[in-house]
Amino acid sequence: MRESTGTRERIKAVALELFTEQGYEKTSLREIAERLNVTKAALYYHFKSKDEIVSSFVEERLDRMDALIAWADGQPATLATRRELIARYADSMFATEQPSVMRFFEQNQTALKSLAAGQQMRDRMFRLADALARGDESPEAQLRAALSLFAVHSSWFAIRTPHVTDEERRKIALEVADELLARIAEG
């Protein structure tokens with residue numbers, strides 16, 4: 001079982017690398033197998049399609065987002081809650097492999113629109129934005145909430161200053177998000 005789990009993780013890592021380098025649509029299962037130095041049959045044992053590979057790393061992210069949404073649902077609609085929610089979201093986005101996943105999403109937006117995993121991500125993003133704007137139903141609050149999430153996401157590709165650490169990137173993203181969240185009325 002441990003070898004199987006390790007192989008699945010290697011497949012996911014290599015696929016993510018290739019999808020980001022050359023695009024989801026331009027990457028074949030054969031190329032993934034070749035880079036791993038395994039047969040296509042060995043790859044098929046773990047994943048039947050590229051969609052399954054994408055779903056496997058999206059599922060982990062969806063689980064984290066569901067936990068954040070559930071937490072937010074039990075909190076008051078205050079600025080303190082919004083700040084804590086965006087900080088927790090940033091923590092989950094800056095964890096382990098997430099920068100690679102964020103780059104994959106950013107570079108494969110067109111392909112993701114047609115995949116179930118992409119549609120699920122979009123749904124969760126709207127639900128998180130709703131949680132951030134809860135108590136203020138104005139269009140401005142909806143936009144500020146969505147943009148605060150985008151501040152965390154876009155920090156991976158919008159901040160192009162060399163040698164910015166992940167911690168500095170996170171801090172900048174949260175400062176910008178806070179400016180947006182502070183303008184949402186408390187419910």
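**Close-up views of an all-helical predicted model**

**Figure 1. Span and bend of helix H9 (residues 139-158).** A straight helix of 20 residues would span 28 Å at 1.5 Å a residue, whereas the end C-alpha atoms of H9 are separated by only 25 Å. The expected span is 1.5 Å times one less than the number of residues in the helix. The model is predicted, with local features requiring pLDDT of at least 70 and side-chain atom pairs pLDDT 80 or more, while totals for chains, interfaces and linings use all residues. Residues are numbered from 1 along each chain as its sequence is written, and side-chain values use heavy atoms, leaving out hydrogens and water. At Val152, H9 bends by about 40 degrees; the bend at a residue is the angle between axes fitted to the seven residues ending there and the seven starting there. Buried residues of H9 include Ala141, Arg144, Leu149, Val152 and Trp156. Buried denotes under 20% relative accessible area, exposed over 50%, and partly exposed the range in between (1.4 Å probe, protein chains only).

**Figure 2. The protein chain as a whole.** The chain holds 10 helices and 0 strands, where helices (H or I, at least four residues) and strands (E, at least two) are DSSP runs numbered from the N terminus. Its C-alpha atoms fill a box of roughly 55 × 35 × 30 Å along the principal axes. Of the 187 residues, 45% count as buried. Among contacts with a separation of 6 or more, 70% join residues 24 or more positions apart; contact means heavy atoms within 4.5 Å.

**Figure 3. Surroundings of Tyr89 in helix H5 (residues 79-93).** Tyr89 counts as buried because its relative accessibility is 1%. Beyond residues up to four places away in sequence, Tyr89 touches Arg61, Met65, Leu68, Met125, Leu128, Leu149, Val152 and His153. One of these partners, Val152, is the residue at which H9 bends. Leu128 is 39 residues from Tyr89 in sequence, and their C-alpha atoms are 9.2 Å apart.

**Figure 4. Surroundings of Ile11 in helix H1 (residues 2-22).** The relative accessible area of Ile11 is 2%, and Ile11 is therefore buried. Leaving aside neighbours within four places in sequence, the contacts of Ile11 are Ile32, Leu36, Leu43, His46, Phe47 and Ile53. Ile11 and Ile32 stand 21 residues apart in sequence, with 7.4 Å between their C-alpha atoms.

**Figure 5. Glu31 in helix H2 (residues 29-36).** With a relative accessibility of 23%, Glu31 counts as partly exposed. Residues up to four places away in sequence aside, Glu31 touches Leu18, Gln22 and Lys26. Between the C-alpha atoms of Glu31 and Glu175, which are 144 residues apart along the chain, the separation is 41 Å.

**Figure 6. Positive phi values at Asn37 and His163.** Asn37, although not a glycine, has a positive phi of about 60 degrees. The residue Asn37 belongs to the loop between H2 and helix H3 (40-46), and is exposed, its relative accessible area being 71%. His163, likewise a residue other than glycine, has a positive phi near 65 degrees. The loop between H9 and helix H10 (166-181) contains His163, which is exposed at a relative accessible area of 78%.
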